[in-house]
Amino acid sequence: MYWGIAIGALGLLVGLFALWSAGRVNASADALRRRIDENEAQIDALRRLVDPGVSADPARGEEEKAGPVVVYNPTKNADFDYLKALLARVAADADLPEPVWLPTTEDDPGGGQARQALEMGASVVIAAGGDGTVRNVAEVLAGTGTPLGLLPVGTGNLLARNLDLPFTSAGRMAVIALTGQEAAIDVGWVEIPAGAGTGTQESKETGGPERRDLDPATTAPAKPGRYAFLVVAGLGFDADIMAAADEESDLKAKIGWLAYVKAAVPYLRSERMSATITAGQEGDPVRVKALSVMLLNCGQLVGGLVLDPHTRPDDGWLELGVLDIRRGLIGWVDMARKVGLNGLGLKPVDVPGVQPSGDLRIHRVSSASVVADSPQLVQVDGDVLGSSATISGYIDKGALRVRVA
């Protein structure tokens, strides 16, 4: 058993080192690309001084659509002056109108601005922010045919990761958002019914953290309704982490996705929930004990962790993930080993002589409902909705058009 634990721990360390190394390389490459972008912008500005006519827009018919509209989150740690100049230059090079920028607010994190963009007849709506901004804009664009462009400046940038976009290069992302090809991807929807339960239970058996120590806005009952997600929705442990990480937004700005690792540590001993899961329209209810129940539209999460290498955002299916950890730290080491193998493209196998204690069971479904014995926090793409004992989810195949490379 001990050598099995040692192998798992070594695999975890190797995986973390690989992620750290990749982050350093990407950061250096991004800095170099940004310097190139800045030099090109300066050259372009000098050219326009010499020949002001190069910036003149040709006559356009009134029947044409408006140009690009950017919905951006001004609270993000990004140089928006640089990004505005960059998109204006790329748009001019492509003979497109200069993008219109609409800021999000605390009361309206992107949905109202996306609707305004549609009313303007935007040719593309670009989400410049984190996963929450992307989700709120996509929720409005789903089913409209108007494409979504991505300019990720958040911590996770999960959709861009899963679409294999060069999200570390602002210049390349600007070109893709404005002139890239369009691909249809699926949109997941979570529904929270009225009267789904209120409050939360603190962990008494394992000594885990009390959820009431978090922001009351996140532990309040979730508002009934339908919410879109592009990557993952979850009930339980994963939502606890998102809520805790949101409490340390300054830390996220400084250390990125590692802030989620820090947020997760107090919850490693959280109490498992009891829930009943029904898959499909006519499936039989199944009782489970789990830390978290997740609905996946994509397989890659924060920090490049791959929960399921076969989950794709354009396959027309919803993946139901049930995370269960037993035997404390040993279970988490076992889970880290399996997720690390997924990230390397290898099939996780059990270690001979070592009892499996970390499970992530993935089931491909068209829809699913989850009824927990007690209310749990619910999150969609990192946005914590509040607490609920009941959620249901389904997939809307090809509902969103996205600009890709």
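Me: Buried means under 20% relative accessible area. This is a predicted model, so with that cut-off in mind, which are Tyr-72 and Trp-101, buried or exposed?

Reply: Both Tyr-72 and Trp-101 are buried, so each falls under the 20% mark.

Me: How many aromatic pairs does the structure hold?

Reply: There are two aromatic pairs. One joins Tyr-72 and Phe-80, with 5.1 Å centre to centre and 55° between the planes.

Me: What makes the Tyr-72 and Phe-80 pair tilted?

Reply: The centres must lie within 6.5 Å, and 5.1 Å passes. Stacked needs under 30 degrees and edge-to-face over 60; 55° fits neither, so the pair is tilted.

Me: Why is the pair of Tyr-72 and Trp-101 called edge-to-face?

Reply: Here the planes sit at 70°, with 5.4 Å centre to centre. Over 60 counts as edge-to-face, so the name follows. Tyr-72 is in strand β1 and Trp-101 in strand β2, so this pair ties together parts 29 residues apart in sequence. Put the ring pairs together and you get a cluster of Tyr-72, Phe-80 and Trp-101.

Me: How do you know that Arg-226 lies over the face of Trp-189?

Reply: Arg-226 is at 3.7 Å from the ring centre, and the limit is 6 Å, along with being within 35 degrees of the ring normal.

Me: Why are α2 and α6 called oblique to each other?

Reply: Helices α2 and α6 pack at about 50°, their axes 10 Å apart. Roughly parallel would need under 35 degrees and roughly perpendicular 65 to 115, so α2 and α6 come out oblique. The contact includes Leu-83 and Leu-87 of α2 and Ala-174 and Leu-178 of α6.

How values were computed. Residues numbered from 1 in each chain as written. Predicted model: local features only at pLDDT ≥ 70, side-chain atom pairs only at ≥ 80, totals over all residues. Heavy atoms only, no water. Phe/Tyr/Trp six-rings, centres within 6.5 Å; stacked < 30°, edge-to-face > 60°. Helix = DSSP H or I, 4+ residues; strand = E, 2+ residues; numbered from the N terminus. Buried < 20%, exposed > 50% of the residue type's maximum accessible area, 1.4 Å probe, protein only. Axes fitted to C-alpha atoms, helices over the stretch in contact; angles between N-to-C directions. Parallel < 35°, antiparallel > 145°, perpendicular 65-115°, else oblique. Contact = heavy atoms within 4.5 Å.
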